[in-house]
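Let's take a walk through a protein model together, with the viewer open beside the text. Please have the sequence and the structure ready before reading on.

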Amino acid sequence: MATETASAVINLDLPGAKISKHQYGHFAEHLGRCIYGGFWVGEDSEIPNERGIRLDVVEALKKLNIPNLRWPGGCFADEYHWQDGIGPRENRPKMVNSHWGNVVENNHFGTHEFMDLCELLGADAYIAGNVGSGTVQEMSQWVEYMTRDDDSPMVELRRKNGRDKAWKVPFWGVGNENWGCGGNMRVEQFADLARQYSTFCRDHGDNKLYRIAGGPNVDDFHWTETLMKSVGCVACNSMNVMSPYQAISLHYYTMTREWENKGKALTFTEDEYYRTMANSQHVDTLLTRHSTIMDHYDPCKTIGLVLDEWGTWWQVEEGTNPGFLYQQNTMRDALVASTHFDIFTRHAERLVMANIAQTVNVLQAMILTDPDTGALVLTPTYHVFEMNTAHHDALALDVSFRGQRERMEAADKRFNVVSASASVAEDGASSLLSLSNVHLDEARTIRIDLRGRDWTVGEARLLTSTEIADHNSPAHPEAVAPVAFDGFTVDGDALEVTLPAHSYVTIALDLA
Ligand code: AHR
């Protein structure tokens with residue numbers, strides 16, 4: 001029997017908060033090859049497509065049960081004017097994408113194409129509206145164009161462009177990074193604008209918008225406090241019900257060091273690896289602190305927190321456009337994702353949504369496509385999302401560790417070596433355990449007492465790699481891919497699991 005290095009208890013009969021499936025949300029910006037070459041190839045492409053949208057990308061994302069897609073930015077959102085992206089494509093005006101490579105954007109992928117993509121994916125739309133350089137009227141008319149169903153001027157315009165029925169748009173972003181690329185505003189100014197713009201994003205018919213105001217960066221707690229003061233209440237009176245927006249966003253990226261020295265995707269030292277793990281788990285501190293401020297003004301948790309940009313941000317791959325943010329993805333990225341999800345589960349009550357940046361060809365992508373051949377590769381991060389689908393809308397279970405937990409220290413932060421989360425399906429018939437060992441070269445054994453229900457082990461899966469920097473490429477598309485896992489024993493009511501070095505394991509339980 002392997003030496004036990006961690007011990008935990010899970011009460012299978014004590015489910016907690018629902019883990020919104022929207023914590024597994026995605027983000028697609030007009031940035032580099034995310035839209036063009038990633039999702040969109042155009043109807044004349046040799047790459048199999050439906051109305052211009054890549055079918056292989058759609059098929060791959062459907063396996064993740066992709067719950068929502070945020071678009072068109074990012075920084076791009078606050079310089080995007082939606083009316084440039086409707087009507088016959090050949091007539092659409094061009095614009096300069098000044099944030100991302102200073103390239104000319106032809107607006108061939110616009111509102112209709114995006115909603116077509118969402119329908120193919122079965123994903124909810126999350127539109128990011130322009131506060132930085134757009135007008136209130138422009139945003140209000142975009143909502144009307146997409147969600148109204150009568151003969152209003154915007155509805156007539158939509159019909160002229162070929163779409164009769166209103167779309168359903170559940171999520172609406174009011175600004176993005178307005179402390180930076182979205183206008184370099186002070187929060188005092190933005191707090192008022194967020195109230196104003198949100199007011200004119202109307203609910204048309206039965207489409208009920210969930211409005212998400214542009215929130216803080218990383219640890220800008222003053223931003224959170226100012227927004228919450230402007231809509232929250234201390235005693236949970238009716239003021240929250242009147243809030244013009246329903247959530248605020250937060251952005252946090254994991255880097256090896258800091259902005260100026262992000263580190264490389266494929267070449268990193270042991271020290272850089274552990275710094276990444278520490279910086280990744282730092283999201284727990286950030287979510288806790290922002291939530292604490294929100295709890296003060298909104299103890300009833302009526303305002304949601306939406307981490308609508310997260311993930312790793314490395315230096316771009318050599319030879320690629322620095323403005324395109326194209327990076328490879330290794331087992332290290334997979335562990336950043338898996339440990340983020342454990343933390344998200346613990347914050348399920350306040351964290352209503354999270355969106356990894358970004359889905360295809362940009363930053364911590366699920367999918368990389370070859371610019372020359374079009375070949376598609378699934379990244380290690382994709383596999384973590386896929387292995388976790390049973391957590392979508394399931395009920396969180398506490399994983400209580402016994403005694404002192406093993407911690408390491410890097411980048412002035414302490415972090416857990418073994419990370420875990422668990423949930424029980426809404427119908428109570430099954431449970432999923434997610435377990436990560438972030439130790440670079442040593443296995444760890446965890447004994448988990450599973451109490452309260454009878455259980456048997458269902459499917460168990462392992463994601464790991466020989467070298468931490470192993471990654472997938474068109475030549476080796478399955479260098480890092482999940483395999484069946486048998487590194488566990490059942491001992492009465494306990495499960496003893498040996499997690500290989502730098503590995504991620506999921507174990508499904510059938511509950512009696
Ligand atoms: O995801 C890339 C960029 O990161 C987004 O456009 C912006 O919001 C953030 O700074």
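The paragraphs below go from the ligand to the strands, and then to some local backbone features. Keep in mind that this is a predicted model.

A good place to begin is the ligand, which sits in the largest pocket. Around the ligand there are 14 residues, and the closest are Glu 29, Cys 75, Glu 177, Tyr 253 and Glu 309. Which atoms of Glu 29 and the ligand lie 2.7 Å apart? They are a polar side-chain atom of Glu 29 and an oxygen atom of the ligand. Glu 177 also places a polar side-chain atom 2.7 Å from a ligand oxygen atom. For Tyr 253, the distance from a polar side-chain atom to an oxygen atom of the ligand is 2.8 Å. The ligand taken alone exposes 290 Å², and the protein buries 95% of that.

Tyr 253 leads us to strand E11, residues 247-254. How many of the 8 residues in E11 are buried? The count is 8 of 8, so E11 is largely enclosed by the rest of the structure. Ala 247, Ser 249, His 251 and Tyr 253 point one way from the strand, while Ile 248, Leu 250, Tyr 252 and Thr 254 point the other way, and all are buried. E11 pairs with strand E10 (residues 210-213) in the parallel sense over 2 bridges, and here Ile 212 stands opposite Ala 247. The pairing of E11 with strand E12 (residues 304-312) is parallel too, over 7 bridges, with Ser 249 opposite Val 306.

Another strand to look at is E22, residues 444-451. Here 6 of the 8 residues are buried, so E22 is largely enclosed by the rest of the structure. Strand E1 (residues 6-11) pairs with E22 in the parallel sense over 6 bridges, whereas E22 and strand E26 (residues 494-499) run antiparallel and are joined by 6 bridges. Arg 447 is a handy residue to follow through these pairings: Arg 447 is the bridge partner of Ser 7, and Glu 496 in E26 is the bridge partner of Arg 447.

Now for the backbone. Most residues other than glycine have a negative phi, and most peptide bonds are trans. Glu 177, which we met beside the ligand, has a positive phi of about 40 degrees although it is not a glycine. Glu 177 is found in the loop between strand E9 (171-174) and helix H5 (187-199). Is Glu 177 buried or exposed? At 12% relative accessibility, Glu 177 counts as buried, because the cut-off for that class is under 20%. Asp 412 has a positive phi as well, near 60 degrees, and is found in the loop between strand E18 (407-410) and strand E19 (413-416). With 77% relative accessibility, Asp 412 counts as exposed.

Two cis peptide bonds also deserve a visit. One joins Trp 71 and Pro 72, with omega about 5 degrees, and Pro 72 lies in the loop between strand E5 (68-71) and strand E6 (95-97). Another joins Ala 357 and Gln 358, with omega about -15 degrees. Gln 358 lies in the loop between strand E13 (351-357) and strand E14 (367-369).

How values were computed. Residues numbered from 1 in each chain as written. Predicted model: local features only at pLDDT ≥ 70, side-chain atom pairs only at ≥ 80, totals over all residues. Heavy atoms only, no water. Buried < 20%, exposed > 50% of the residue type's maximum accessible area, 1.4 Å probe, protein only. Helix = DSSP H or I, 4+ residues; strand = E, 2+ residues; numbered from the N terminus. Pairing = 2+ DSSP bridges. Near = heavy atom within 4 Å. Polar contact = N/O pair within 3.5 Å; in protein donor to acceptor, adjacent residues only side chain to side chain. Areas by Shrake-Rupley, 256 points an atom, 1.4 Å probe, with all protein chains shown as cover. 1 Å grid on protein atoms, 1.4 Å probe; cavity = no way out; pocket = protein on both sides within 12 Å on 5 of 7 lines; lining within 4 Å. Sits in = over half its atoms within 2 Å of the grid points.
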